[in-house]
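Visitor: Could you take me closely through one part of this model, the sheet, and set it in its surroundings as you go?

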Amino acid sequence: MASPYAILDVPPTADAEVLRAAYRSKIKAAHPDQGGSLEEFVLIKEAYEEAMHTLASPDHEPADVTYHPPRGHVGYTVSYLDHAVVRREGWAVDDPENFARAEALDLPVSEFGAFAVEHRESVLEAAERHGFSWPYSCRGGACANCAILVVEGAVEMSVNTVLTTRMRERGIRLSCIGEPVTEHLAVIFDIGSLPGLADLRLPAQQVNPAE
Ligand code: FES
């Protein structure tokens, strides 16, 4: 089998940002909705995961891991709230007061908090980089496992997705391919139990950063 770097068309010295850019470009072209095949889609997804896994291994010696934001880039922050809290407290998921209410509770960081997102990084990638295990499956816009509800700010997705127009109008985005386009976001994650999303889910996968 070809190396993951050959499949992604990057050098073996590629850093995370180069891998992400190559993955997004390739997965977009290979998406079944864009005329690609499922086999090609899966091959690219697995190559990306293997290359990222290698990059994260303790034996890997990256040439340069310094993050260089583009000129003028001020960074993005994401405030997050677990949908499990919303359900447990009996709140309506669309209620704009949810984050203010969550502030008053003594919630663990796995359920409520904030993290930074780098330039060209998806919300899911940033969550994982900060040690969180948010749900996902395909990592390419073909399921709803990674869906989030954007309560504040805006998120752009790099490919067409399985989400309906109505879902997108409601503020639902896919965190695996969704990048912030406003400096601050507030999102509710793990919303797979909302109406319509359960039918769009695939068998779950999840990164465990501790492994
Ligand atoms: S994990 Fe399938 S669309 Fe994000």
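Guide: In β7, it is A186 that serves as the bridge partner of E152, and this pair is a good place to enter the sheet. Before going further, please keep in mind that this is a predicted model, in which local features need pLDDT of at least 70 and side-chain atom pairs count only at pLDDT 80 or more, while totals for chains, interfaces and linings use all residues. Residues are numbered from 1 along each chain as its sequence is written.

Helices (H or I, at least four residues) and strands (E, at least two) are DSSP runs numbered from the N terminus, and two strands pair if DSSP finds at least two bridges between them. On that basis, strand β3 (residues 147–152) and strand β7 (residues 184–189) run antiparallel and are joined by four bridges. Besides E152 with A186, V150 stands opposite V187 in β7. Strand β3 also pairs with β5, again in the antiparallel sense, over three bridges, and here A147 stands opposite L174 in β5. As background, strands of a sheet pair through backbone hydrogen bonds, either parallel or antiparallel.

These pairings belong to an open sheet of five strands, whose order is β2-β1-β7-β3-β5 and whose pairing is mixed. Its edge strands are β2 (112–117) and β5 (172–174), each of which pairs on one side only. Neighbouring strands of this sheet are turned by 35 degrees against each other on average, direction ignored, where the axes are lines fitted to C-alpha atoms, for helices over the stretch in contact, and angles run from 0 to 180 degrees between N-to-C directions.

Leading towards β3 is the loop that follows α6 (123–129), and G131 lies in this loop between the two elements. G131 counts as partly exposed because it has 13 C-beta neighbours inside 10 Å; a residue is buried if 20 or more other C-beta atoms lie within 10 Å of its own, exposed if 12 or fewer, and partly exposed in between, with C-beta atoms placed from the backbone. G131 and S110 are 21 residues apart in sequence, and their C-alpha atoms are 9.2 Å apart in space.

Turning to the whole protein chain, there are seven helices and seven strands, and buried residues make up 33% of its 211 residues.
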